[in-house]
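Trainee: I have a structure to go through before the group meeting. Could we look at it together?
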Amino acid sequence: MTKKVHIRTFGCQMNQADTEIITSLLQDEGYVMTDSEDSADLVILNTCAVRENAVEKIMNTLNNLKGKRRLRSDLLVGVIGCVPQYYREKMFGMSDGIDFLAGPDTYRQLPLLIENAQQGIRGANLAFIPEETYTGIEPVRTGSISAFVPVMRGCNNRCAFCVVPYTRGKERSRPMKSVIDEVEQLEEAGYREITLLGQNVNSYFDDNAGCDFAELLERSSRAAKRARIRFTTSHPKDISESLVRVIAAHDNICNTIHLPVQSGSTRMLGLMNRGHSREEYLEKIAMIRRCIPGVTISTDLIAGFCGETEKDHRETLSLMEEVRFDFSYTFYYSVRPGTYAAKHLPDDVAEKVKKRRLDEIIALQNKISGELYAAQIGNVAAVLAESESKRSREMLMGRTATNRVVVFDREDYKPGDLVSVKIHASTSATLIGRPQ
Ligand code: SAM
Ligand code: SF4
Ligand code: F3S
């Protein structure tokens, strides 16, 4: 009888939140979670398909697990999440080390899939269930300071490069009441930071309650006054002034917005089907900065998308100079079969060129972040301590409300404390300070 389960989570915060839901579902069935792969009877890989290298990582992990299965014939391996949803039953042919497959909408069926696998029946449940929001399942949290609260699932956008609409299906929102109840419970349990999650949180809408994301955010901030409230990810075409005003009006909603732009060229944004131009993006940034003094903005950027010229690339660099993003997640484009771009746009930027452009983007971001961080020296920031610093046991690591990482002298503080820290040094990714 398989009892001990180890879940390895890849990909985005939605997947991390899903792992907490799956843990709850399996514990209810009597399974016991273990942090150690070696002591597990069942290993579940909760996977990401967003870029080619993300899928390669899963295949390497499966290969390593095959070695373990040779030594332990009763070890079961399940692959769940975005990769099997994307490749479907074909996955069984990609590795002979898989016992079952499940997609993001079918986690309630995991106990059945596992039972079958124990009897030697290889199964897959990869249905799209457009109404599934896992409402009613209380996630088993991994942390005690910060918590994710998924508010919506799926995505109705069709960015030309992106697999997410194919792996997570149609957009659907959780009932407002269930989100707010969860936020209240988290605050009562002492959580200090709550992040509302969705692929495109701005399009949250509870039809029955007539509640949009601006209202949900406002209600969340009232429901957990002692916690910091964050949210991610926002789509530039959907971010509204009413939402930005809610952020500005509530002290516990963090003054930071992650607003992926992908490219600084209007021509590329059109090919990517992002639904806005460079100028419209810059107008949104100006509106945000006008409404929220001191706000920080971060982004995602893709180098070398189909047809990108040196001129387009330079427009990305000039947009970065203009906005001065606090940080950015940067990628070079990789073709995802089945997407609009894979079907209709040639992947015509040479790999060498993609990588060089990505390096230029990273170098510029490091320079900008370095300057923005250096400008903080001498300031005092309210830092929520998260953990011991990796550098030293004498230091703690935490974040400002604007999402900047701060490492500071531990003194008598502990994770979970909100500490006033005076900044005395910086790198391009970290502020360094002392409690004052
Ligand atoms: N929903 C979010 C949005 O629209 O901004 C982002 C979701 S996606 C999981 C995270 C990031 O991965 C994207 O913003 C994009 O920069 C990057 N990405 C997605 N598909 C990609 C691809 N085919 N090649 C390279 N990067 C990709
Ligand atoms: Fe992908 Fe675009 Fe949806 Fe984001 S908004 S998940 S990039 S399709
Ligand atoms: Fe990856 Fe799926 Fe998230 S493809 S980025 S794990 S939604």
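Mentor: Certainly. This is a predicted model, and a good place to begin is the spacing of two of its domains: the centres of domain 2 and domain 3, taken over C-alpha atoms, are separated by 26 Å.

Trainee: Where do the domains lie along the chain?

Mentor: Domain 1 covers 3–125, domain 2 covers 146–373 and domain 3 covers 380–435.

Trainee: How many residues of domain 2 and domain 3 are in contact?

Mentor: On the domain 2 side there are 16 residues, and they are in contact with 19 residues of domain 3. The area buried between domain 2 and domain 3 is about 1300 Å², with 50% of that area given by carbon and sulfur atoms.

Trainee: Which three residues supply the most of the area that domain 2 buries?

Mentor: Those are Arg192, Arg228 and Tyr373, which supply 51% of the area that domain 2 buries against domain 3.

Trainee: What polar contacts and salt bridges cross that interface?

Mentor: Seven residue pairs are in polar contact across the interface of domain 2 and domain 3, and one salt bridge is found there. Elements that each supply at least two residues of the domain 2 side are strand E13 (228–232) and helix H14 (351–374). Helix H14 gives the most, with five residues. By residue type, the domain 2 side that touches domain 3 divides into four nonpolar, seven polar and five charged.

Trainee: Which side chain meets Arg404 in a salt bridge?

Mentor: That is Asp326, with an N to O distance of 2.6 Å.

Trainee: And how many salt bridges does the count come to?

Mentor: The count comes to 37 salt bridges. Another of the listed pairs is Glu132 with Arg108, at 2.7 Å from N to O.

Trainee: Why does that pair tie together separate parts?

Mentor: Glu132 lies in the loop between strand E6 (123–125) and strand E7 (146–150), while Arg108 lies in the loop between strand E5 (100–102) and helix H5 (110–118), so the pair ties together parts 24 residues apart in sequence.

Trainee: Changing topic to the ligands: what surrounds ligand 1?

Mentor: Ligand 1 is surrounded by 16 residues, of which the closest are Gln199, Pro260, Gln262, Asp300 and Ser334. A polar side-chain atom of Gln262 is 2.7 Å from an oxygen atom of ligand 1, and a polar side-chain atom of Arg274 is 3.2 Å from an oxygen atom of ligand 1. Phe161 takes part through its backbone, where a polar atom is 3.1 Å from a nitrogen atom of ligand 1.

Trainee: Which residues are around ligand 2?

Mentor: Its surroundings include Cys155, Cys159 and Cys162, together with Phe161, Gln199 and Arg274. The shell around ligand 2 divides into six nonpolar, three polar and one charged.

Trainee: And which residues are around ligand 3?

Mentor: Among them are Cys12, Cys48 and Cys82, as well as Asn15, Arg168 and Gln199. The shell around ligand 3 divides into five nonpolar, three polar and one charged. Gln199 is thus listed around ligand 1, ligand 2 and ligand 3.

Trainee: One last topic, the backbone. Which residues does a cis peptide bond join?

Mentor: A cis peptide bond joins Thr232 and Thr233, with omega about 5°. Thr233 lies in the loop between E13 and helix H9 (241–249). Asn273 has a positive phi, near 60°, and is placed in the loop between helix H10 (266–271) and helix H11 (278–291). Most residues other than glycine have a negative phi, and most peptide bonds are trans.

Methods:
Residues are numbered from 1 along each chain as its sequence is written. Chains are lettered from A and ligands numbered from 1 in the order in which they are written. This is a predicted model: local features need pLDDT of at least 70, side-chain atom pairs count only at pLDDT 80 or more; totals for chains, interfaces and linings use all residues. Side-chain values use heavy atoms; hydrogens and water are left out. A residue is near a molecule or strand if one of its heavy atoms lies within 4 Å of it. Ala, Val, Leu, Ile, Met, Phe, Trp, Tyr, Cys and Pro count as nonpolar, Asp, Glu, Lys and Arg as charged, and the others, Gly among them, as polar. Domain bounds come from an automatic or database domain assignment. Contact means heavy atoms within 4.5 Å. Buried area is the accessible area (1.4 Å probe) that two parts lose on being put together, summed over both. A salt bridge is a side-chain nitrogen of Lys or Arg within 4 Å of a carboxyl oxygen of Asp or Glu. A polar contact is a pair of N or O atoms within 3.5 Å; within protein, one must be able to donate a hydrogen and the other to accept it, and residues adjacent in sequence count only if both atoms are side-chain atoms. Helices (H or I, at least four residues) and strands (E, at least two) are DSSP runs, numbered from the N terminus.
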